[in-house]
Amino acid sequence: MAFISVFDVIGPNMIGPSSSHTAGACSIALLAQKMAPGPIISADFTLYGSFARTYQGHGTDRALLGGIMGFSTDDKRIPDSFRIARERGLAFHFSVNKEEEEVHPNTVDICMTTQNGKTLTVRGESLGGGKVRITRIDHVEVDFSGEYSTLIVIHSDRPGVVAHITRCLSDKNVNIAFMKLFREAKGQTAYSIVESDGRLPEDISVSVRENPYVQDVMLVQT
């Protein structure tokens with residue numbers, strides 16, 4: 001009888017044994033990779049709950065690493081992601097957190113460092129069936145699925161910034177599906193997250209950055 005690896009189990013748009021532990025993990029990391037402010041040179045993964053208990057046996061580690069390198073959930077390179085990462089010079093590390101229990105059971109924090117020395121930490125949750133959500137960017141709680149093209153604007157919590165963002169989108173004929181505002185505290189750092197029905201214009205970031213209170217813009221295309 002021929003040996004069958006868990007990575008030979010191919011479901012719809014998925015490589016791996018579990019939509020939550022492999023496809024979902026890959027999707028979280030792929031979203032994080034799209035948000036990174038430049039090419040990633042290192043990634044530290046902290047796993048919680050079920051992810052922490054089963055990540056090696058279910059291939060969650062390989063899926064996360066594949067997503068960070070830009071692999072989609074059905075990419076046949078996922079089983080070789082450790083080797084490919086080393087060949088690319090991508091440093092990576094996995095750790096588990098069994099102390100923090102008030103989190104979704106399939107949760108991961110991904111801390112990325114880019115070539116320009118910037119860091120970004122993203123928390124994601126795998127909800128089952130390949131669906132995911134991003135719940136934290138750095139220290140600010142957020143909530144978006146990645147199922148729509150998404151504009152993430154980091155800005156000071158000041159009057160007129162949200163109006164500026166919506167005006168820029170209107171000027172580009174963007175139809176907003178969802179828009180949410182998250183902030184650390186009144187007057188502090190805020191995240192405006194816009195999910196669009198269609199693909200967002202690549203130059204939308206340029207016009208949004210014209211507001212002096214905008215600190216950074218991330219564009220996540222689906």
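Angles between elements run from 0 to 180 degrees between N-to-C directions, with axes fitted as lines to C-alpha atoms and, for helices, over the stretch in contact. The legends below describe a predicted model.

**Figure 1. Helix α5 lies across the strands of an open sheet.** Four strands, in the order β10-β11-β9-β12, make up this open sheet, and their pairing is antiparallel. Its edges are β10 (176–183) and β12 (214–220), each of which pairs on one side only, and neighbouring strands are turned against each other by 15° on average, direction ignored. Helix α5, which covers residues 161–171, lies across β9 (149–156), β10, β11 and β12, and runs at about 150° to β9.

**Figure 2. Strand β10 is joined to strand β11 by seven bridges.** These two strands run antiparallel, with β11 covering residues 189–196. One pair to look for in this view is Lys180 with its bridge partner in β11, Ile193. In a regular strand the side chains alternate between the two faces of the sheet.

**Figure 3. Strand β3 is joined by bridges to β5 and to β4.** Eight bridges link β3 (residues 40–48) to β5 (residues 106–114), and these strands run antiparallel, with Ala43 standing opposite Met112 of β5. The link from β3 to β4 (residues 91–97) consists of seven bridges, and here the strands run parallel, with Leu47 standing opposite Val96 of β4.

**Figure 4. Helix α3 is largely enclosed by the rest of the structure.** This description holds because eight of the nine residues in the helix, which covers residues 60–68, are buried, where buried means a relative accessible area under 20%. The buried residues are Thr60, Asp61, Ala63, Leu64, Leu65, Gly66, Gly67 and Ile68. After α3 comes Gly70, whose phi is positive, near 95°.

**Figure 5. Ser207 of helix α6 touches His164 and Cys168.** Ser207 is found within residues 204–208, the extent of α6, and is buried, with a relative accessible area of 17%. The contacts with His164 and Cys168 leave out of the count any residues up to four places away in sequence.

**Figure 6. Cys26 is in no disulfide.** A search of the whole structure finds zero disulfides. The cysteine sulfur nearest to that of Cys26 belongs to Cys111 and is 19 Å away; seen from Cys111, the closest cysteine sulfur is that of Cys26, and this distance is too far for a bond, because a disulfide requires the sulfur atoms to be within 2.5 Å. Cys26 is buried, with a relative accessible area of 1%, whereas Cys111 is partly exposed, with a value of 26%.

**Figure 7. Residues 1–14 have pLDDT under 50 in the model.** For this stretch the model has 19 contacts beyond four places in sequence. Where pLDDT is low, the predicted coordinates should not be read in detail. For the protein as a whole the mean pLDDT is 89, and 91% of its residues reach 70 or more.

**Figure 8. The whole protein, shown for orientation, has six helices and twelve strands.** Its radius of gyration is 18 Å, close to the 17 Å given by the globule rule for 222 residues, so the protein is as compact as a globular protein of that length. The C-alpha trace spans about 65 × 35 × 30 Å along its principal axes, and 49% of the 222 residues count as buried. Among the contacts with a separation of 6 or more, 65% are between residues 24 or more positions apart.

Notes:
Residues numbered from 1 in each chain as written. Predicted model: local features only at pLDDT ≥ 70, side-chain atom pairs only at ≥ 80, totals over all residues. Heavy atoms only, no water. Pairing = 2+ DSSP bridges. Contact = heavy atoms within 4.5 Å. Buried < 20%, exposed > 50% of the residue type's maximum accessible area, 1.4 Å probe, protein only. pLDDT = per-residue confidence, 0-100. Rg over C-alpha atoms; globule rule 2.2 N^0.38 Å.
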